[in-house]
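Q: Hey, I've just opened this one and I'm new to it. Can you walk me through it?

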Amino acid sequence: MNTDVRYLPAEFYTHFKIFHELMAIKIREILLVSSPYDAFIVEEDESLASRIINEYSGLNLSLPPRVIRTSSANEALTLLGEKEFDMVITMPHLDEMDPFSLGLKIKEINKDLPVILLTHSFQGISPLLESKDCSGIDDIFIWSGNSDLLLALVKNAEDRLNIERDTRKAKVRVLILVEDNPVYRSSFLPLIYKEVVKQTQKVLGEGLNEEHRLLKMRARPKVLLAENYEEAMAFYEKYSEFLFGIISDTRFPKNGKMQADAGVDFLSRVKKDIPDIPLLLMSSESENREKATQIPVMFLDKNSPNFLREIHDFFLNHLGFGDFVFRMPDGRKIGRAKSLRMLEEKLSQIPDECLLYHGERNHFSNWIMGRSEIILASAFRKVQTSEFSSADEVRHYLISNIRNLRKLRQKGVIAQFSLNNFDADVMDFVKIGNGSLGGKARGLAFTSALLRQNPEFYEKYSEINIKIPKTLVVATDGFEFFITRNNLRHLAGNGFTDQEVRESFLKAKMPRRLVKHLEIFLRQVSYPLSVRSSSLLEDAQFQPYAGLYETYMIPNNHPDFSTRLEDLLTAIKLVYASTYYEGPKAFSKNISSQPQEEAMAVIIQELAGGEYGDWFYPSISGVAQSHNFYPVSRMKPEEGIAHIALGMGKTVVEGEKTLRFCPKYPNIMPQFSTVDDILANAPRYFYALRIKGYSEHPDFTKDSNLEKRETNEAETEFPMLALASTYIPEEHRIRDTAYMPGPKILTFAPILKYNIFPLPGLLNDLLELGRKGMGCPVEIEFSVNLTPDKARKNDFFFLQMRPMVADEERLKVQICDEEIDNAFCCSMQALGNGKSEDIADIVYVKPDDFRAESTMQMAKEIGQINASLLKEKRPYLLAGPGRWGSSDRWLGIPVQWQHISGVGAIIELRNDKLRADPSQGSHFFQNITSLGIHYITITEGSEDFFDWEWLSSFPAVQETTFIRHVQLDKPFTLKIDGRNARCVMIWN
């Protein structure tokens, strides 16, 4: 026969004509009904445009979908009546109606229009699922801050619209996913699309020009999502000819009822029909592994700490996404090929027996089809080895056609960070890599967009430079590559100490290309740097990982460039390492997330501040929140609260002593009511970065060069002179100026009383701007740099903005006088809302044994008791003095997440031993609120009370030096009236 390359179809040579005919139906117009912040996350974090080209290398294949945004359900219905949309995505919290009612109204307008509900929590909509008609919603997915999910929803909808034509036209392959649980499918669907794309990216790496790259993406395998047995079987029977794999859950509905082994039945049927098809059974019940073995199919435990790696291995080794492995007829491996180029080279070397073995079984065609080379694969499939007169003819046919295909390709490179054109002076926000920015960097980008959209803000505060520090983001794909290259993913599992994780990461090697990018960056940047985390889940709405990851500040002023680069790389590695530390792992369990789902971007940011002798620090750092959980005087919760400190923000976010005020009422400060109060409560310490007089490298075992200083050491430095007052002992008075003899007291009076810098008004306006933009209460981290130079403007730096959790529409909980009389605990400063009757264990610090110098030991003892209660799945009430989670052990017990991961409610006692202000400015407090853990403050000597005598009457289940654990014979009732911040606990 004729074995010339011209044997292939003519389309092979005509600009990939067949690719033009695939994916003809697109999702082009999406109506997004949600708050402005949710819309920004979905559309602006390169999720639809740049992500499609950069991260997914053209999955969208042409124009990205356009998202029309509205926060009004009624406006959404009006828009649907005026123009055509291809998909509607709605989120649960809408003003005019609930999402299920909206879905029904949408179906009245267009019954075929897909309507997807994205919710932050399945529990949040469970009551509606039971009481509402859900037929208007086609599917429910859980939004966890991973913008890949939206892309997966769009591509999955397009796959369904195009699959029938594309399989018939080009024999495109089909992968079936069977999963009925919204939480799991919201994780699996983006994961599967990402794995499918990784294979296509290997082809692109061999060099296509942009047009052909986008066109080739249309031939990627289709993914079909089934949620019950009947739907899965219908997909299988219709597309069995094109099937290349099935991934199935074990338990899902069959015949309208939940069946424990429906997945076993389904895969058994498929295995009987097509013995060689790759099949994967998944289950959260490990005993189902034996059932998988009996079929036999691959098995994957959903609870495995290595879940991502294992599913990746399935794609690589069983779906043909890995190397082509050359085998002899007896199964011996004699070589492998990673690319078409290597395949071509190996084909000229392998024995005839190996060549014919693979050719007779269509292995070459299958492997090439998996790389979206449809025409070549289809042509190879049509030809049988028996049509050739010799093995050499087969060899020549394969090699010549593969070579011809490779010659048709043209190289094309997409880069975001330019090695040649990077200019630190003019570029404020730069991204290395094609992955996600992560939550924190996304918040910065959103803030920047908000400010651009509100130019009047700059006009109102024209005397201030309002800005975001210059920022370089190493995207999440840098983390993924680093983890994979250094084989570190196993550290996501339990059983590794922070020190073990740290040492493993420090020994690992950074990707060479990333190092080169950082060298270019660092040669143009000489100011101090902050190296911060920006994980996928960090600052996500309703489940922020605030403050759980590491931040390092480096002077970046060593005369030797290689030392500066080494310091930066060390800081990045340690931020990466904190992803797998015990604290984030423990927190992940509280929100039903798995550590391996997390991916870390890193923010390398200009450090806000000024140089003062051997030190560098900002005049003010602070956190402002638009919801105040503990209002006093005439303050209202919605008027917000701010916490400020001198120097770096560590003082604020780790719950140390700060100045707390309401931006609307800056002169109302209960902690500064009298001169004695001011002397007792004024901050005496602050954090500054040492930039001179340090050893060759920063001390990365602590806070790099960040050191705690006393305020009286800085009396001659400008920030103290600008913000402090002077105490006059002879008169027992405080004068609001630092420019006179006498001890200096940090009161911030020039700001709060005399408005030398309009911080209260600025925070008021920024909190309102953020609340409107995000559609919920927000928290802002900021710093202020004051200058003595009258010709220069003072600087206000936006460091971070994230959503808070503050339920404004509280369920009505009534607390009557009789309940207060019968309670063993009553508080007028309680955070939360609702009624709980599932706690029967109380863990508390023994009042008579409390010693402030022993709080670190107390944290360890609490951790031991927590571990045993967690194992028994018994939530508990934790009670003790001072600020929980404070890094200042003199203000409270410095517990971390692993110490209290099973807690159900917390009592913070304010008494003569520790009378710290409530800790709501800290990261610890932000995470407590996001988890919905009840947080109760008891101020002894007020109308609050806790019956210690009653509690001590119960025998101890566990008792340590400082901690006692009692177990009641039945749970007590905990009620919190969130509208009035009142709480009672009753047991009888």
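**Around F782**

Q: Which residues is F782 in contact with, leaving aside its neighbours within four places in sequence?
A: This is a predicted model, to say that up front. In it, F782 is in contact with I620, S621, G622, V623, A624, I644, L759, L763, F796, F797 and L799, once neighbours within four places in sequence are set aside.

Q: And what about the largest nonpolar core, which residues have the most contacts inside it?
A: Those are L759, F782 and F796, in a core of 71 residues.

Q: Which helix gives the most to this core?
A: Helix α30, residues 759-774, gives the most, with seven residues.

Q: What other core lies apart from it?
A: Another one, of 46 residues, and L472, V531, M600 and I604 are among them. As a general point, nonpolar side chains in soluble globular proteins tend to be buried together.

Q: OK, switching to sheets. In what order do the five strands of the open sheet come?
A: The order is β7-β6-β8-β11-β12, and the pairing is parallel. At the edges are β7 (222-226) and β12 (298-301), each of which pairs on one side only. From one strand to the next, the twist averages 20 degrees.

Q: How many bridges are there between β8 and β11?
A: Four, with β8 covering residues 243-249 and β11 covering residues 279-283. I247 has L280 in β11 as its bridge partner.

Q: Which helix lies across β6 and β7?
A: Helix α7, residues 148-170, lies across them, running at about 115 degrees to β7.

Q: What about K272, is it buried or exposed?
A: K272 is exposed, because its relative accessible area is 71% and exposed means over 50%. K272 lies in helix α11, which spans residues 262-273.

Q: How many residues apart in sequence are K272 and I295?
A: They are 23 residues apart in sequence, and 9.0 Å apart in space from C-alpha to C-alpha.

Q: New topic: β41. How many of its residues are buried?
A: Eleven of its 15 residues are buried, so strand β41 (residues 963-977) is mostly covered.

Q: Which way do β35 and β41 pair?
A: In the antiparallel sense, over nine bridges, with β35 made up of residues 834-845. D841 stands opposite Q967 in β41.

Q: How many bridges join β40 to β41?
A: Three, and these two run antiparallel, with β40 at residues 956-959. E959 has R964 in β41 as its bridge partner. A hairpin through three residues joins β40 to β41.

Q: And β42, how many bridges join β41 to it?
A: Five, again in an antiparallel arrangement, with β42 at residues 982-986. T973 stands opposite I986 in β42. β41 and β42 form a hairpin with four residues between them, and A981 in the turn has a positive phi of about 60 degrees.

Q: What holds strands of a sheet together, in general?
A: They pair through backbone hydrogen bonds, either parallel or antiparallel.

Q: Last thing, cysteines. How many disulfides does the structure hold?
A: Zero.

Q: And C134 and C776, what do they count as?
A: C134 counts as partly exposed because its relative accessibility is 25%, while C776 counts as buried because its relative accessibility is 9%. The cut-off for buried is under 20%.

Definitions and conventions. Residues numbered from 1 in each chain as written. Predicted model: local features only at pLDDT ≥ 70, side-chain atom pairs only at ≥ 80, totals over all residues. Heavy atoms only, no water. Pairing = 2+ DSSP bridges. Axes fitted to C-alpha atoms, helices over the stretch in contact; angles between N-to-C directions. Contact = heavy atoms within 4.5 Å. Disulfide = S-S within 2.5 Å. Buried < 20%, exposed > 50% of the residue type's maximum accessible area, 1.4 Å probe, protein only. Core = buried A, V, L, I, M, F, W, Y, C linked by side-chain atoms within 4.5 Å.
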